[in-house]
Amino acid sequence: MTALSDCLTNLHSEAGGAIELIVVRPVDAPELVAYALAGDQQAVRIFEALSNASRAVENAPKRKPLLCATCPRALRGTAFTFGIVLPMRDDPQSGVAFGICVKCGTSAEVLQAKATAALHKIWPNLVPVDITHPEGGRA
Ligand SMILES: [Zn+2]
């Protein structure tokens, strides 16, 4: 596994200042898989990031589990949400992911706010911008 500081450095240089935060709740997984199977490359990238992050959670030592990004609880099982951060470009090569436990929220609105706050904690200089996708985009 690459050190977090290396991941952030790679992500930052690749992003050129523009990153995207994607929040994936367990209930969003079937739709994500459907998009990926339909050939949506962004969905494939998010799914790969999610798979890698899930593996990291599963493989974490029992005595040193990965923690929720917004509280001190350990991430266990599969009922938690992932925040995936990717460079905002067509062919991102790096990204970071973090988990938010079910006790910290289950609604899309709460989790989006908590994921944004968690990202600000690790990356304090972020400035959110709204971008209107010509094709309507997706959350
Ligand atoms: Zn939590």
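**Entry 1: helix H4 and the sheet.** I looked up where helix H4 lies in this predicted model. Helix H4, residues 108–122, lies across S1, S2 and S3. I noted its direction relative to S1 as about 135 degrees.

**Entry 2: the sheet itself.** I then traced the strand order and recorded an open sheet of three strands, S1-S2-S3, with antiparallel pairing. I entered strand S1 (19–24) and strand S3 (96–100) as the edge strands, since each of them pairs on one side only. For the twist I wrote down an average of 20 degrees from one strand to the next.

**Entry 3: the pairing of S2 with S3.** I followed strand S2, residues 81–87, along S3 and found antiparallel pairing over five bridges. I also looked up isoleucine 84, whose bridge partner in S3 is alanine 97.

**Entry 4: helices H2 and H3.** I turned to helix H2 (residues 29–37) and helix H3 (residues 41–59), whose axes come within 7 Å and cross at roughly 130 degrees. I therefore classed H2 as oblique to H3, because an angle that is neither under 35, nor over 145, nor from 65 to 115 degrees counts as oblique. I recorded the crossing of H2 past H3 as left-handed.

**Entry 5: residues at the H2 and H3 contact.** I listed the residues that make this contact: H2 contributes Leu32, Val33, Tyr35 and Ala36, and H3 contributes Ala43, Val44, Ile46 and Phe47. Sorting them by class, I entered eight nonpolar residues, with no polar and no charged residues in the contact of H2 with H3.

How values were computed:
Residues are numbered from 1 along each chain as its sequence is written. This is a predicted model: local features need pLDDT of at least 70, side-chain atom pairs count only at pLDDT 80 or more; totals for chains, interfaces and linings use all residues. Two strands pair if DSSP finds at least two bridges between them. Helices (H or I, at least four residues) and strands (E, at least two) are DSSP runs, numbered from the N terminus. Axes are lines fitted to C-alpha atoms, for helices over the stretch in contact, and angles run from 0 to 180 degrees between N-to-C directions. Two residues are in contact if their C-beta atoms, placed from the backbone, lie within 7 Å. A crossing is left-handed if the near helix is turned anticlockwise from the far one by less than a right angle, and right-handed if clockwise. Ala, Val, Leu, Ile, Met, Phe, Trp, Tyr, Cys and Pro count as nonpolar, Asp, Glu, Lys and Arg as charged, and the others, Gly among them, as polar.
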